[in-house]
Structures are given as structure tokens and as C-alpha cells.
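Work through the exercises below with the sequence and the structure side by side. Each task is followed by a solution that proceeds step by step.

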Amino acid sequence: MIWPGGRSIPWQSIVSLKGAIACACIALIGWFAAAFWLDQRQVFLPGQTSVGHHLFETSCNSCHEGFKPVSNDTCRRCHQAELAEDAHGTQKFMDPRWAEDLEKLAVLTCTTCHNEHVHMFDRGVHLQPDLCMTCHDGIITGELKSHDGFTPDGCWTAGCHNFHDHRSISTGFLRQNLDQPPMLPVQALPERTVSPSLETAPRPDLTSEFEELGR
Amino acid sequence: MKPWIAMVLALLLMLVYPAPAGGEGVTSEAVEEATQLWQESLHALNQVNCSSCHQPAATRPLQGHPDHESCRSCHKQAVETFLLGKHGVRLLEGQSPLTPAMARLPMKAAAHQRQMTCATCHDVHSVNTVAAAVDACLSCHNDAHSLNYENSKHAQLFAADRQLPRPSATAVSCATCHLPRHQVKAGEGTLTQVNHNNNTYTLLPRDRMVKEVCMGCHTAWNTATTAFLMTTWWRPILITLPVRP
């Protein structure tokens, strides 16, 4: 066989190259099939899974419906309670007043900020720490005197603000709480009470069966 | 077939197949001990008998080690939140129970193969949650934060309540902060529930812990400054500091 430029390559080498490629493909398919067959799905993971998800990372179906991208519904299956009072929730941005902000950051989907198997800095969030400045730049550039000179990456990395829940950092909350003494006058959690329905215990109803099993 | 070959095969089969679920390690002493604990427990006084957990329906075989599904029939909220937390999420996703060996945090080597279900932390016969609130955690967790608990003021408060069936409201255990109690409306009164979802709510101060947990006792200024100290750039140094003697 003669290639343009006059170089000649023996045809046998093409066959062996093809053979090598075919063998590699078969080996790869076999390897993936074996991974499925033996339930060793770690081989399909494209990177380290985040702290919250690594315990069930080989249960692909928990987050992935076939080959579809992860939807809000799959996230809500576990995180529904956390999102019940979401400060940046879908409901807020369906309001026309905030609709314009969606053009800066598409916060209607969980995967805008949270992404698995990629570089991330915490909690499955893969955006930069100055994410808040996409919409709230004014806060540190003169709009709020108390925040003058703050760095753009400090909103939640410093532990003050939580993107989804800002009940414990709003101005009203601070005004109500910051002049209190160091400890509350009554330091207590709710008591647990269980009221018994009988005065004396009944007879155990399976003791003899257990003893028979033990023999 | 020669008799000795049959005998070897039978022995191998016994090794390969686990014993029936009901008969695992059941001795009459163990039954006696469990019965004794149960008779003094709130389970007994609330008509939860052996069969309620070990034979939930008449048609089911005797279960030696009832799983979380048995507990769920009465403790719905506790089991549902457990399944959303780190300890139970593998069960929710249809996988084998979590073992400490799978964790990224340091765990005690002797506990690596323990399987996390309700009974791993709770002594279901005594219905005493004092052990589940601290001792159960420390039987697996081996990181500096967990080990330093014993040296804290929280632990001193908890030590005063060790003889109770349930930690009192002023004791501060691991569970007080990481599996907190909260009140819900039930009819005309309120019901205290324990949130067993330790995954999202109450794992790190900067998430929701300050509002939901710390502020049960401490005021906002106290908590906010502590949480701030724990979440700034030097937090990684704090958590790697050696355990205080």
C-alpha cells in the first residue's frame, strides 16, 4: 500500500492495527459489562462524589434517571424539607419583579450551583465563592454601610449567610437578638414525655419460641 | 458418594449459608436478659410485646434482628428522618447498611464492620436513650471533635443525667446538637420529636445549626461569634488540633 508522498506501509500492519483497536474495544466493553455485572459501578464515576452523597455513590439511579440530566425532582426526593422555606427558591423567581435576575444566574435548577463529580469547594457547590456578587454587588460597594470594605467571597464562607436560609442573619433577627446576655435565662430543649398505657408489663409472648430456636 | 465426602460437603454448605435469621446467637440467657430489660421498659408498658417487633404479622417468620421497617410501624418520623441522614441513606437507596469503614471521618477500627440500623445505637429492649445519645456515637466516631466532647462543659451537664431513661432537657449530648429535638403540634398539645436526619440540618454551624440548635441555650451574639470562629479560614486548623487531655 502506497500513501501520498510515496511512503509505503505493509498491509499487514493495517490489519494488526485494526485488530488491536477491535481488541481494545472488546476489552473495554467487556470491562464495563463486568463492572455492571459485578455491581462495581465505581468505574463509571467521573470524579470524587461530595461529602453528602459519597455513601451511596454507586446507586446511580438515586440521582440519574437513565441518561437524563439530574432534575430538581430527584434532588427534592431527599431535600424537600430543607427547601420548604428557600430564600432563593423557584417561587421567588417566578415573580416578575425578580425575573430579570434569572438572566444573571439561572437559579431555577439545583444543578446551576450544585454539581457532582466535578471540582467543588463545599457542599456540592462548584461555583466560585463570590457567587453572591452576581446580583448583590452593591452590598459591598456602598449600598450597606455596615458591609463597606467586605471581600466578595465572604458572604457564606465566613459563616454569616446561607444562600437558602437567611432567617438567622436578617436585619430584624439581629436587631432582636444581639443585645441579649451571653446565655439565655432558660437553657433547655423540649422535654420528651411518653405516657405508659399499662401499669404493669404484660407477659412476654414469644419467649418459648426464641428458646426453641436456640436449642 | 463416599460418606466422608458427603460430610465435608455438608460442612462446607453450613459455612457458606448463614444460619436462619431467627436463630442467630439466641441463647436462653440472652432471651432471659432481653425479657428482663423489656419488662421494665416503656415498650412493655405501652403494650409493645416481643411479637410486635420480632413477628410483626402472624404470617411472617420469627425475626432475630428486626430491621428499621419494624421500628417504622410505630416510630414513623424517627425512621423517615434517619433514612434521609448519613446513617440511613444507604438503606433508603436500597443498598447495604452503612458501615463505619465507608466513612471519610476517622472511625474506631473495632467498629469498622458494624451495620447502621436503629438497633446499632438504640438498645431496643431497655428503651433507654441515654446510651444512644453519646456512648453509641463514641463507639464508632474517632475524630478530634467527637473525642473532645468528654472534656467539654456539655459533657459535664450530661453526666448528671446518666441514670435516666432519657436525657433530660438540660443535658447536652451529641444528639442534642446533631439529632435535635423539636416540637410539633399534635391535637391540642405538642409532641416532641427527634430529627434523625444528621446530614443537612445540624452537621455544621454555618448551615442551620445556629438557629435550630445553638440558640436553644445560647443567645445570638454568643452563637454567631462561635460559629464565625468555627467557619473562618482557620477552622481546618481547629478541627485537626490534638485531643485535649
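A salt bridge, as the term is used here, is a side-chain nitrogen of Lys or Arg within 4 Å of a carboxyl oxygen of Asp or Glu. The model is a predicted one, and the exercises should be read with that in mind.

**Exercise 1.** Find how many salt bridges cross the interface of chain A and chain B, and name the residues that take part.

*Solution.* Begin with the count: across the interface of chain A and chain B, the rule finds one salt bridge. Next, look for the partners, which are A:R77 and B:E93, whose side chains meet at 2.9 Å, N to O. In general, side chains of opposite charge can pair when their charged atoms come close. Finally, set this against the whole structure, which holds nine salt bridges over all chains.

**Exercise 2.** Describe the contact between chain A and chain B by its residues, its buried area and its polar contacts.

*Solution.* First, count the residues: chain A gives 61 residues to the contact, and chain B gives 62 residues. Second, take the area, where the two chains bury about 5800 Å² between them, with 58% of it on carbon and sulfur atoms. In chain A, the residues that lose the most area to chain B are A:L55, A:L189 and A:R192, which together make up 14% of what that side buries. Third, turn to the polar contacts, of which there are 17 residue pairs between chain A and chain B, with both residues at pLDDT 80 or more. On the side of chain A that touches chain B, the elements giving two or more residues are α2 (72-79), α6 (171-177) and α7 (207-214) of chain A. The largest share of that side, six residues, comes from α7(A). Sorted by class, the same side of chain A has 26 nonpolar, 22 polar and 13 charged residues.

**Exercise 3.** Locate the transmembrane region that UniProt places in chain A, and state how much of the span is helix.

*Solution.* Start from the record: an unreviewed UniProt entry places the feature "transmembrane region" at residues 20-38 of chain A. Then inspect the model, in which residues 20-38 of chain A are 95% helix and 0% strand, with the end C-alpha atoms 26 Å apart.

**Exercise 4.** Identify the salt bridge that B:E69 forms, and say where its two residues lie.

*Solution.* The partner of B:E69 is B:R72, and the closest N and O atoms of the pair are 3.1 Å apart. Both B:E69 and B:R72 lie in helix α5 (residues 68-72) of chain B, three residues apart, which is about one turn of the helix.

Definitions and conventions
Residues are numbered from 1 along each chain as its sequence is written. Chains are lettered from A and ligands numbered from 1 in the order in which they are written. This is a predicted model: local features need pLDDT of at least 70, side-chain atom pairs count only at pLDDT 80 or more; totals for chains, interfaces and linings use all residues. Side-chain values use heavy atoms; hydrogens and water are left out. UniProt positions are given in the numbering used here, feature names are shortened, and annotations may be inferred rather than shown by experiment. Helices (H or I, at least four residues) and strands (E, at least two) are DSSP runs, numbered from the N terminus. Contact means heavy atoms within 4.5 Å. Buried area is the accessible area (1.4 Å probe) that two parts lose on being put together, summed over both. A polar contact is a pair of N or O atoms within 3.5 Å; within protein, one must be able to donate a hydrogen and the other to accept it, and residues adjacent in sequence count only if both atoms are side-chain atoms. Ala, Val, Leu, Ile, Met, Phe, Trp, Tyr, Cys and Pro count as nonpolar, Asp, Glu, Lys and Arg as charged, and the others, Gly among them, as polar.
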